[in-house]
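Grab a pencil and work through these exercises with the structure open beside you. Try each task before you read its solution.

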Amino acid sequence: MGLGIRTRLRRWRNGPYVNDEYLEARELAALVHAPPGVVRPAPADGVPLHLAFVVPFFNQGSGGHMTIANLVRALERRGHRCSLWIDDPGRRLRDPVQAAAHLRDWFGPFAADVAYGTDAFTGADVVVATGWQTAARVRSLPAAGRAYLVQDHEPEFFGTSVQRSWATDSYTYGLYPITAGEWLAELMGERYGLPATWFDLGIDGERWRPQPEIARRDDVVIAYARSSTPRRAVPVVLAALGELRARRPQTEVWLYGHGGPAGVDFPHRNLGVLAEPQLAAAYAQATVGLVVSMTNYSLAAQEMLSCGLPCVELDAPSVVKAFGRDGPVDFAPLDAYALADALERLLADPELRAQRAAAGASLPAQRTWDHAAAQVEAGLRAAIAFTAAREG
């Protein structure tokens, strides 16, 4: 996305305005036409690795960057040395020193060094792209292995646009995919002919847990309604909640994830953008949760379940693959009435809610970030072999 009006005005005050997307297009063209980086010798089997993660522009609260940070922490616990490199060719982050500090403050703690830009990059055992914006950069850097941490199928974030084309092209740069979930790994093979290693998104069981000291209500639905993220299908979510309120006027609706007005004609409470402790407390108090994932599955559903909150998710391949048909999630198609039906069924059946909560309680033990890091480490070592076979 482009810059907001305030940011553009600030740039005018600070000097001649240069369009961020123009700068990114120039940089991407240069990277694509440059030769790939040198393939360094592979490290010995079993030794700790130097892992360099190249991360794109970020805002406070970015879920993708928090996943990267969780993996970095867990990989450091496994003995690996990590570094983080902010790739910002559009100069969206105006102060490089502040940008590095923000990455550490907002997503830390971790031991990894943080740098703005890659001018000082001299090599790593594995260099990892973490979004489509960083894939061409990673292709150009020296390493024994070049990997791509794929958290979602990012071309689907865009309509017909250069961004969609760039995101699609990012899978053609010879990087080895390490995907969040099995569905994405299968997609990499079926659509792009790429082998891949997949991992389970982790859960921090200390943060996302039942809170017996908080009384759980029997008449509250909490829904993820971040309208700036189209893949969350917020118009259908709101329509489903409006239908539910028409059927059950006694049910309270809580929305979160978006600070502005929801623009709906039924009573609701907008919690806005919540810090994790406040969101976990809201999950502990609500009766049923609702989140819709149109591309890859969301952390939100498993965090709701970990807090003892039964939830409804979209009946989509990625979600079904992540939780299973017989798992703790209630599925519904992308239809307002069908979503309302699923919510109503859970609200009306305390025994079913208890079953779902009990099934969800086992997730934190199964899906730790340490377990995810072990899966990712296998993918990083596979990336070294893949890069050597392709370019060595």
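**Exercise 1. Find how β5 and β6 are joined in this predicted model, then follow the chain between them.**

Solution.
- Start with the pairing: strand β5 (residues 143-150) and strand β6 run parallel, and 4 bridges join them.
- Next, pick out a facing pair: Leu149 stands opposite Ile178 in β6.
- Now trace the path: the chain leaves β5, passes through helix α6 (residues 162-169) and arrives at β6, in a β-α-β crossover that is right-handed.

**Exercise 2. Work out whether β6 (residues 176-180) is mostly covered or open, and check each of its faces.**

Solution.
- Count first: 5 of the 5 residues of β6 are buried.
- Here's the idea you need for the faces: side chains in a regular strand alternate between the two faces of the sheet.
- Apply that to β6: Tyr176, Ile178 and Ala180 lie on one side, while Pro177 and Thr179 lie on the other.
- All of these residues are buried, so both faces of β6 are covered, with buried meaning under 20% relative accessible area.

**Exercise 3. Carry on from β6 to β7 (residues 197-199) and describe what you meet.**

Solution.
- The pairing comes first: β6 and β7 are parallel partners over 3 bridges.
- Ile178 turns up again here, standing opposite Thr197 in β7.
- Between the strands sits helix α7 (residues 182-192), and β6, α7 and β7 together make a right-handed β-α-β unit.
- Look at the buried residues of α7: they include Trp183, Leu184 and Leu187.
- Their cover includes β5, β6, β7 and α11 (317-323).
- Just after α7, Gly193 has a positive phi of about 65 degrees.

**Exercise 4. Put the 7 strands of the sheet in order and say which ones stand at the edges.**

Solution.
- Read across the open sheet: the order is β3-β2-β1-β4-β5-β6-β7, with parallel pairing.
- Check the ends: β3 and β7 each have a single partner strand, so each has one side without a neighbour in the sheet.
- Going from one strand to the next, the twist averages 25 degrees.
- Zoom in on one pairing: β4 (residues 124-129) and β5 are parallel over 5 bridges, and Ala124 stands opposite Ala143 in β5.
- Add a helix: α3 packs on the sheet, where it touches β1 (50-55), β2, β5 and β7, and its direction makes about 170 degrees with that of β1.
- Then add another: helix α15 (residues 369-391) also packs on the sheet, touching β1, β4, β5, β6 and β7, at about 130 degrees to the direction of β5.

**Exercise 5. Follow the chain from β2 (residues 81-86) to β3 (residues 113-116).**

Solution.
- These two strands pair in the parallel sense, over 4 bridges.
- For a sample bridge, take Ile86, whose partner in β3 is Tyr116.
- The link is helix α4 (residues 96-107), and β2, α4 and β3 form a right-handed β-α-β unit.

**Exercise 6. Describe how α3 (residues 63-77) packs against α4.**

Solution.
- Two values describe a pair of packed helices: the angle between their axes and the distance between the axes.
- For α3 and α4, the angle is about 75 degrees and the axes are 10 Å apart.
- Angles of 65 to 115 degrees count as roughly perpendicular, so α3 is roughly perpendicular to α4.
- Now list who touches whom: His65, Met66, Ala69 and Arg73 of α3 meet Leu103, Trp106 and Phe107 of α4.
- Sort the contact by class, and you get 5 nonpolar, 1 polar and 1 charged residues.

Notes: Residues numbered from 1 in each chain as written. Predicted model: local features only at pLDDT ≥ 70, side-chain atom pairs only at ≥ 80, totals over all residues. Heavy atoms only, no water. Pairing = 2+ DSSP bridges. Right-handed = clockwise from strand over helix to strand, strands pointing away. Axes fitted to C-alpha atoms, helices over the stretch in contact; angles between N-to-C directions. Parallel < 35°, antiparallel > 145°, perpendicular 65-115°, else oblique. Contact = heavy atoms within 4.5 Å. Nonpolar A, V, L, I, M, F, W, Y, C, P; charged D, E, K, R; others polar. Buried < 20%, exposed > 50% of the residue type's maximum accessible area, 1.4 Å probe, protein only.
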